[in-house]
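Visitor: Please take a close look at a single helix of this model and at what surrounds it.

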Amino acid sequence: MHSYRPVLAVLLALSAAPLPAHTVSFIVGETGLSREAPSSDASNRWETGLMDAFFDAGHIVSNAPILRLGSPAREELPPEFMRDFYDAREGGVEFLILALLDYRAWDGRGPLEPRRVSLRVFRVTPYQFVVEEQFPLPGRIPDPDILVNARQAGRMLLAHLKD
């Protein structure tokens with residue numbers, strides 16, 4: 001008769017070992033909208049979906065207020081986000097994820113939905129740009145899968161968090 005106790009003991013020991021959890025902060029920026037344009041529920045859904053993916057993977061997540069940029073971000077980490085970057089660094093955050101939602105093709109009618117999302121991952125200390133992923137969106141108005149798409153995009157980024 002075989003004994004399963006050694007195998008069970010190893011499995012229990014492995015399950016008790018802590019998984020590496022990172023502190024991750026999210027910043028969402030909207031581009032292509034005037035200051036007077038209404039706030040977008042889509043931006044909130046993208047932020048929620050991304051944070052959900054990282055939280056579900058065991059990471060500690062936080063966020064900064066959504067910012068509206070006058071023009072598309074050309075810099076790796078645009079100056080408008082530097083204050084939030086420094087706040088994250090002072091707070092001990094390991095990774096920063098910048099989500100840029102591009103609304104430039106919005107025609108002013110119907111729900112406000114982005115046409116493209118760019119996700120940039122940064123290591124905070126020492127500063128390092130890790131990766132950028134671009135997600136063109138289908139243009140359905142409204143996009144019923146936006147929260148699902150944001151979670152999937154977040155899960156794709158998880159592989160880039162390394163010690």
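Guide: Helix H4 (residues 146–157) has 12 residues, and from its first C-alpha to its last it reaches 17 Å, close to the 16 Å expected at 1.5 Å a residue; the expected span is 1.5 Å times one less than the number of residues. Helices (H or I, at least four residues) and strands (E, at least two) are DSSP runs, numbered from the N terminus. The model is predicted, so that local features need pLDDT of at least 70 and side-chain atom pairs count only at pLDDT 80 or more, while totals for chains, interfaces and linings use all residues. Residues are numbered from 1 along each chain as its sequence is written, and side-chain values use heavy atoms, with hydrogens and water left out.

The buried residues of H4 (under 20% relative accessible area, 1.4 Å probe, protein chains only) are Ile146, Ala150, Ala153, Gly154 and Leu157. They lie on the same side of H4 because they cover an arc of only 100° around the axis, taken from the directions from the helix axis to the C-beta atoms. These buried residues pack against helix H2 (41–56), E4, E5 and E6, contact meaning heavy atoms within 4.5 Å.

Among these partners, strand E5 (residues 116–123) is mostly covered, with seven of its eight residues buried. Strand E4 (residues 95–102) runs antiparallel to E5, joined by eight bridges; two strands pair if DSSP finds at least two bridges between them. In this pairing Asp102 stands opposite Arg116. E5 is also joined by eight bridges to antiparallel strand E6 (residues 128–136), where Phe135 stands opposite Val117. A hairpin of four residues joins E5 to E6.

Technical notes:
Buried means under 20% relative accessible area, exposed over 50%, partly exposed in between (1.4 Å probe, protein chains only).
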